[in-house]
Amino acid sequence: MNSIVFLVVIPLIAAFLSLFLESLNKATMYIVTLFNLIFSLAVLMSGNIPFNVAIGGYRAPFGINFVVTDITIYFLLLVNIAALISITMVKNIKEYQFYSFYFVLLAATNGMVLTGDMFNFYLFTELSTFAIAGLVAYKRDRLSTGAALKFLILSSTASLFSLASIGLIYKTLGTLNFADIAVKLSSLNQASFNLIVILFLSSMLVELKIFPFNLWVVKSYEGSITSVNMFTHGMLGTAGIYGAIRILLIVFPNMYKTNISTVLIILSFMTVLIGEVEALKEKNLVKVLAFSSMAQMGMFMFGLALGSFESIKGALYLVVSNYIAKMVMFIVTKQYSNAVDSKNYNDMKGLGRKYPLLAISFTIAALSLMGMPFFAGFWGKFSIVVSALATGKLASIGISLILIASVVEGVYYLRISHTFFSEKDVNNVNISRVYCLVPFVLAILILAIGIYPSYVEQVVFNIIDEIKNAPDKYINIILSLK
Amino acid sequence: MIELLFIPLIATLFLAIFIKNKKVTWPLFLAVNGYVLYKLYSIYGMWSLSNKFDIGYEILGAKLTLGVSNNPIGWYFAFFSALITFIISIFSLGFNQKSKENVSVIWMLIIFSNLGIFFAQDWVIFFMMWEVMGWTSFFAITNARDKALDGAKYYLALSLIGASLMLIAISLLGAYTGTFAITPSIFGLIQVINSSNKIGIVILLLFLTTFLIKSAAFPFYMWPQKVYAEGPEDYITFMSSVMIKYGIYPMAIFIVPVVGSIDLPKILNTGNILQYVIGYIGAISAVLGTLLAIFQTDMKKLFAYSSVSNMGYILLGFASMTIVGFEGSLFHVVNHMILKAAIFLTLAAVVFRTGESEMHKLGGLVYRMPLTFMTFLLGIIAAAGIPPLNGFGSKWMIIQALMSRKMVVFAIAMIFASTGAFMYLFRALASIFLGQLPDRYKDVKEVPLTMALPMLIMMVLMLLVGVVPGVVMKPLTSALKAVGYNVEVASLTVLEGSLKNATIDLKIVFYMFVAGVIISAIMYLFGNKSETVPQNDNYTGGEYPEEWGVDADRFNYSYAFYQPFKEMFDPLLEAISIDDFFASVGRNFEYMSNEVQALFKRGEGAVLLFSIGVLLLILGGLII
Amino acid sequence: MITVLRVFLFGLFAIFIGLLFMGIGRKVIARIQLRYGPPFYQAFIDVGKLFSRKSITHNFVMDLGMVMSLGGLLATMLFVPIAGHVAIKTSTNLIVIMYLMAIGYLGMAMAVAASGNPNATIGVSRALTMMLGYEVPFFTVMLGLIIFNGTSSLELISNAQAGSILNWNMIKFPLAFIAAEIALQAMMGEKPFDAMIAPAEIASGPMVELSGKYLGLAFLTHAVAIFVETAIIVNLFMGGASNVFTFVLKQFEIYLITVFIEAVFPRFKIEQAVKFLWTVPMGIAVIQLILILV
Amino acid sequence: MTKVFIFSSLSLIFVGLFGVLTRKNIVKILIALNIIETGINMLLVAFGYIEGGITPILQSDLSIANLNKMVDPVPQALVLTSIVIGLGTTAFALSLAMRYKNTHNSVSIRAIDEEGVNI
C-alpha cells in the first residue's frame, strides 16, 4: 500500500500547480479533496488495515514511515471530510495563495495523521500552522494580519520547544520512531522523561487550544473567513487531537504515572471554565464559537488526562460531537452573518423564522455541545463524569467545575438560539436554500448518534482497543516489518 | 407501552411541520393529549408492561440498556398529569386564536419527556428525559418573545445546575451500588448509607437538591415567579399545575423510601436528621411562599409563590414519613394540579380578555366574566383548603400526620401558611374580580366556549374530588399497595387520619355545608326583598354628581393591600433575599467574563502566557 | 327527616343563643360604662327590624357571599358537640372545624368586597391579617391538647376531662387557657382587637355598605360565630357539659370574660395587634406546648 | 567541547526567549525567534557530536575501523530541515510584518488593533 503516500504528495503537487492554474483552482481543490477522501475511504474498505509503509525502503526505526491503523484511518477520514465540507463554503476566491495554502494544509494534516515519526510529525505540524497562518491572513485587513502574525509567532515559538524535545528524545533514546520510542521509553530516567513530555506538550497544547496556550484562538477565528475557521477547527484541530491521542496514549503512556497528568487535568478544567465564562458576555457569534471550541477542547483534554479507558471513550465521543456540531455552527453563522452583514447575534433576530432549518441545526449542535441527552455530546459527557468521579478528588472537583461551566454554556447557547427565533421583520434577507441542507444533514447525524450510538461505539471501541493493546496493534506492526 | 412515548414524539414532528397553521396544530395537540390520556387509562393495572432498548453503549464495563416500564406511582402521576394537560389543551384551542407564536411543538416535546420521566426504569433514561424537560421549557417559556428571556434564562440555569448535580449523583450511585435501575438502587443506596458511608448521604443530598430545584422549594423558590410572569399563559398553566410536580415524583419513589429506612441519628425520637432537613425545607417554603405571595401585585407572581407554598406542604407530608402523610402528599399533588390549573386558567382568561396581569389595574371583572369568576372562586376556596372543595382533604391528612409524629414546628408552619393563604387568595379575588370595574374594561366579554368548557370541567373536578376524594385516593392507595406499602384501598368519601378517632367523611361535611347554606338561604329569602342599584347611588343618596359639577370618582382599595403587615416583614424579607444572592452570582460571572476577555483582547501577551504555561507545566511536573 | 329536623333545630338554637349573648353583652357593657343599656333581647329586635326593611345590593356576589357566610358558620356549628350532642354522627374533628369556619369569613369578605366600598375592603384586609395573627397561637394551643390526648376529635378531648373539675384542661393547662382566651378575644373581633371594625376610622369596615337583610345576615353570622367559638373553648378547656343548660352557662362565662375585656380596653393598630398576638399568647402557648411535649 | 556547545546553545535559547518576551517591535521578536532557533539547532548538533569524532562517511578503512567514533549524522540532517523550515517561517512572518506595518501604521505588537473593527 505504498500509494498511501499520495495522500500527502498529491496535495503538495497541487499546491505547486495552483500557482499557475488560476481559474481552474477551485476545480482542482474539489478534485484533490475528493481524491483524498475517496482514497482514504478505499483504504478503509480494502480491509488491509493495519499496515506500515516505509518511505524509501528504510526499515522502520531507521527511516520515516507512514502507518495506517484503525485510529489513523478514522482520523484521516475525519480530516478529509472536514476538508470537503469546509471547501463548500469557499466562494468567489480568485487568489492562488488561498488555494496554495489550502493544499499545503491538506497535505500537512494528512501527513500528521499518517506519519509514524516524531520529527516528521513536527514538520507536518509546522507546515500546517504555517498554512493556517497564511489562510488566516487571507483577508488582508487589520484584524486578520494581526491575528496571523501573532499566531505565527506563538506557534513557531511553541514548535521550537517541540524541536528541543525531539532533540532530547534523540539524544536519550537514539530513535525518533513512535513505536521505537514507546518500546525504549522504560529505560529513560524520570527527570528527562518529564522534560521531554513537558516540552513536547507545550507545543501540542497550542494546537489543542488549552489555556494558557490558547490566546491565538479567538483572534484568528475572528479575523478569518468561515471556511478558514472550519479548516482550523475540522482539519488542524482534528489532526491535533489525533496527535494527542497517538503521542500521549501510545508513545508516552508513562505520563499517567507522573504528575504531568495532574497538571493537565488542572489546565484542562481551567480551560473549560475560562472558555465558557468568557463566552457568556460575548456578542460576536464567531468569538462565541471560538471560546466554546476552546472549552470543548478543554473537556476533551480532561477526558484524555484522566487516563482511564472510560474517560478516553468519553473524550472520543466529545471529539465526534464537537467535530460535527462546530461545523454546523460555523456554516450557520456564516449564512446568517452574511445575510444581515453583522456578526453580532442580536442582529440576527428573526432569521430563524425565515430559515428554520439553519436555526434548528444550530440549536441541535448547541444542545449536543451542552451534553444534552439524545444528542451526540451526552454520551461523552456521561462517560467522562462517571470515570472522573471514580478517579479521585481532584478529578471530581474538576468535573464539578466543568459541569458548572457547562451550565454557563447552556445559557449562552440557548440565548443565541432564542435570538434566532425571536420576532423581527427580515424580508429583505436572502439565503440560498441549498446551504440550509448541509448543516441540517449534519444535525440529523448528531441526533442519530445521540439516539443510537452503536456505530460510533464500534469505532470508539476499535480505537480504545488499539490503545489498550498498543504493543500488538501498533508497535509490533511497525517494528516487525521486514 | 412504547407507543405512549412514540406518539408524542411523532406528533412533535407533525406539529413542527404545521407550525404556521394554527387550525391544524392545536386540534392535533388536543388529539394527541386525548390519546395519551386514553392510553394511560387503558394500561392501568398492567404493571408488568415494559420495553427495553439496547443502544450499544457501554458504561462502567456493562452494556447500557434503557428501559421504560409501567409502574404504579408513575402511572398515578402520569394519568393525572395527562388529565389536566388534556383539559388545558382544550383551553389552548381557544386561547391561541390570537397569539402569534406557537408553543405547541415544544410543549408536545415536554409531554414526551414528562411521560418518559414517570415511566423511566433506570436513572439514565430518567436523566435523559429530565434534561429534555430543562431545555424545552426554556424555549416554551420564552416562546420567541424577548421579554420572557430573563426568567427563562434563570430557569434554564437552575435546571441545568440541577441536572449536573443529578448526573454526578447518578454516576456515583452507579459506581457505588453497581446499578442504574431505580428500584434496585433504592436498596443499594440504603445499604451504602447504613454501612456508614458518607458518600451515600452525598448522593442522596445531590438527588434531593435536584428535585428541590424542580419543585421550587426553599432555596430555589424564585423561578416560578420569574417564569410565570412572562411565559405564555396556557403553557404556564401547565407548568404551574403539572410540571412543578416532576420534582415530587422522584422524591416519592426514591428519596422517601431511602430516608424512611436508613439509620441516622434521630431528633426527639420523632424522625431522623434528613427527615427534619426535608421538613424544614418544606416548612420554610410554605411560610416564605405564603409571605411573599401576600406582598405581590402581579397576579401570576402571586400564584407562583402560592405554588411554592403548596410544594412546602407536600414536602412536609414527606417529612412526616408516615403512610398518612405520604398519601396526603401524593393526594395533594393531584389536588394542587387541579386547583392550580383552574386558577391559572382563569388568570389566562383574564389576560386573554384584558391583557393585564397587575392586580391593582384590574377590578370588578365579575360583572363581565361571571363564569371565570365562579371558577376562580372555587379555585381559591380549594386552594385555601376549605371543605367541601378538594385541597382540604390532603392538607388535613398532612396535618394529621405531622401531629401524630409530634412535629409541632412543622404543624404550626403549615397552619401559618394555610391561614396566610386566605390573605393572598382573598386579595387576588378582591382585586381582580370584585370592587369597581374600570371604564377601560367596560366592553370585556366572557370567554368563548372552548375556554369556558375546561373551566366548567375544572369546577366539577374540584367539587368532585372535594366531596368524593375516593376518585383520586382509590387509584393512589391501590398504586401504593401494588408497590408494596402497607395500605388499605381507600373508600370513596372517607379519609383516614393517623390519630385516634380521626376519620372524616367528606360526604357528611358536604351535606353539612349544604344544610348550612339552605338554612341561611331560607333566612335570606325570609327577609324583605332587595334592590340592585349602581355603585354610586349609595354614596350620593340618589343625586347625580354631574348636576353638582363633580365627577364620580371610583375608589378601589387594591394597591399595597397588606401594607401594615408588609412593613412588619420588610426587614426579614430583605435579610433572606435569595434572589439577590443568585443575581450577584450571575453578576460575578459576567464580571469575570469581562476580566478574562480583556486578557484575550490584548493578545500580545500570547507568547508570555505561553511561556508561563510552560513554566507551570515544568513546575507542576517536577514539583507537585 | 329526623336528621333534617335536627340540623335545622341545631342551627336555630345556635342563632338564638348567639343573639341572646349579644344582647346580654351589650347590657353588661352598658352597665360597666354606667349606662342603662338596651334590654337583653335587643339583638332579636334589631334582627327583626333589619329583615323587615328593604335593602340595596350591587350585584349577585353580595347575595351569594352573605348566604355563604352564614351557611359556612352554621355548617361549622353542626360539627361542634354541644353537651355531647352533634347534629349528625361524625368525628368532630378540630381541623375540620377550623377550616370550615374560614368559609364563613371568606363569604363575608367576598360579599363586602363586592360592594365596592374601599372602607369595606380595608376592613377585610385587616380582618384577614388579624386572622393570621390569632390562628397561629390558637392552633398552637390546640396542638398541645391534641398531642396530649392523642386525638384531634373535639368530642374525645372534651370527654377526657369528665369527672371532677380538676380534670379540666383549664386547670391542668392554665397557660394554654390564657393563650386561648386572648386568641378568642381576637377571634371574636372584640377590643382590643377590633381594628377591622374600627367605626371611627373606616366606618365599621365590612359593614359599611350593608343594609337591611344583608346587615341582618351579618348579625346572625356574628351570633353563630360567638356560639361556635365559645363552644369550642368550653369543649377544649371546661370539659363540655352533661346537659345543654350547663353547656350554655359555661359558654356564657367565657363570653362574659370577653365582654369584660372588651369594655375596658382601647384598640390596637392592626400591626400592633398581630405583633402582640405573635408574642404574648404565642409565647405562652409555646411554653405550654413544650411543657406538654417534655 | 560538547559542554561548551550545549551551554552556548542554551544561552542562545534563553537570550532569544528573553527577546521574544520583552520586545515589542515585531522585527525584533522575529530576530529573537531566529536566535532561539539557532540555539536549538546548535543543541541538536551538539547532541550528535562526539569528542574527537570523525565525519560519518564510510570512505576509508580507517573510518570503518572507528565506527563508534563517528559523529551521529541524523541530527545534522534534522538541523538542515529545521533551518529550512525556520527560513520559511521567518520569510513568511516578515512579509506579514510588512503588511502589519501597512495596516497598523506601527510595528509594535501592542498596536491597539483588532478590537472595534467588528460590526
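**Exercise 1. Place B:L93 in its chain and decide whether it is buried or exposed.**

Step 1. B:L93 sits in helix 3 of chain B, residues 72-95. The model is predicted.

Step 2. Take the neighbour count. B:L93 has 21 C-beta neighbours inside 10 Å, so it counts as buried. The cut-off for buried is 20 or more.

Step 3. List the contacts, leaving aside neighbours within four places in sequence. B:L93 then touches B:W26, B:P27, B:L30 and B:T450.

Step 4. Set sequence against space. B:L93 and B:S240 are 147 residues apart in sequence. Their C-alpha atoms are 19 Å apart in space.

**Exercise 2. Describe how strand 1 and strand 2 of chain B are joined.**

Step 1. Fix the ranges. Strand 1 of chain B covers residues 50-59, and strand 2 covers residues 62-69.

Step 2. Give the direction and the bridges. The two strands run antiparallel and are joined by eight bridges.

Step 3. Check the register with two pairs. B:N51 stands opposite B:V68. B:D54 has B:T65 as its bridge partner.

Step 4. Look at the turn. Strand 1 and strand 2 of chain B form a hairpin, with two residues between them. B:L60 lies in this turn and has a positive phi of about 55°.

Step 5. Recall a general rule for side chains. In a regular strand they alternate between the two faces of the sheet.

**Exercise 3. Work out the relative orientation of helix 16 and helix 17 of chain B.**

Step 1. Locate the pair. Helix 16 of chain B spans residues 392-404, and helix 17 of chain B spans residues 408-433.

Step 2. Read the geometry. The two axes come within 9 Å and cross at roughly 155°.

Step 3. Apply the cut-off. Angles over 145 degrees count as roughly antiparallel. Helix 16 and helix 17 of chain B are therefore roughly antiparallel to each other.

Step 4. Add the hand. The crossing of helix 16 and helix 17 of chain B is left-handed.

Step 5. Name the residues that make the contact. Helix 16 of chain B brings B:K395, B:I398, B:I399, B:L402 and B:M403. Helix 17 of chain B brings B:F410, B:A411, B:M414 and B:S418.

**Exercise 4. Find which pair of chains shares the most contacts, and describe the side that chain B contributes.**

Step 1. Rank the pairs. Four pairs of chains are in contact, and chains B and C share the most contacts.

Step 2. Count the residues. In this pair, 67 residues of chain B are in contact with 72 residues of chain C.

Step 3. Assign the side of chain B to elements. Those that supply at least two residues each include helix 16, helix 17, strand 6 (503-505) and helix 20 (506-526). Strand 7 (530-532), helix 21 (535-540) and helix 22 (563-575) of chain B also belong to this group.

Step 4. Pick the main contributor. Helix 20 of chain B gives the most, with 13 residues.

Step 5. Rule out other partners of chain C. No contact joins chain A and chain C, and their closest C-alpha atoms lie 41 Å apart. No contact joins chain C and chain D either, with closest C-alpha atoms 56 Å apart.

**Exercise 5. Test chain C and chain D against the globule rule.**

Step 1. Start with the elements of chain C. There are 12 helices and one strand. From the N terminus on, the order is α-α-β-α-α-α-α-α-α-α-α-α-α.

Step 2. Compare the radius. Chain C has 294 residues, for which a compact globule would have a radius of gyration near 19 Å. Chain C has 19 Å, which agrees.

Step 3. Add the box and the burial. The C-alpha atoms of chain C fill roughly 55 × 50 × 40 Å along the principal axes. Buried residues make up 63% of chain C.

Step 4. Check the contacts of chain C with a separation of 6 or more. Residues 24 or more positions apart account for 80% of them.

Step 5. Turn to chain D. Chain D has four helices and zero strands. Its radius of gyration is 20 Å, well over the 14 Å that the rule gives for 119 residues, so chain D is more spread out than a compact globule.

Step 6. Repeat the other checks. The C-alpha atoms of chain D fill a box of roughly 70 × 25 × 20 Å along the principal axes. Of the 119 residues of chain D, 28% count as buried. Among contacts in chain D between residues at least 6 apart in sequence, 57% join residues at least 24 apart.

Definitions and conventions
Residues are numbered from 1 along each chain as its sequence is written. Chains are lettered from A and ligands numbered from 1 in the order in which they are written. The radius of gyration is taken over C-alpha atoms; the globule rule is 2.2 Å times the number of residues to the power 0.38. A residue is buried if 20 or more other C-beta atoms lie within 10 Å of its own, exposed if 12 or fewer, and partly exposed in between; C-beta atoms are placed from the backbone. Two residues are in contact if their C-beta atoms, placed from the backbone, lie within 7 Å. Two strands pair if DSSP finds at least two bridges between them. Axes are lines fitted to C-alpha atoms, for helices over the stretch in contact, and angles run from 0 to 180 degrees between N-to-C directions. Angles under 35 degrees count as roughly parallel, over 145 as roughly antiparallel, 65 to 115 as roughly perpendicular and the rest as oblique. A crossing is left-handed if the near helix is turned anticlockwise from the far one by less than a right angle, and right-handed if clockwise.
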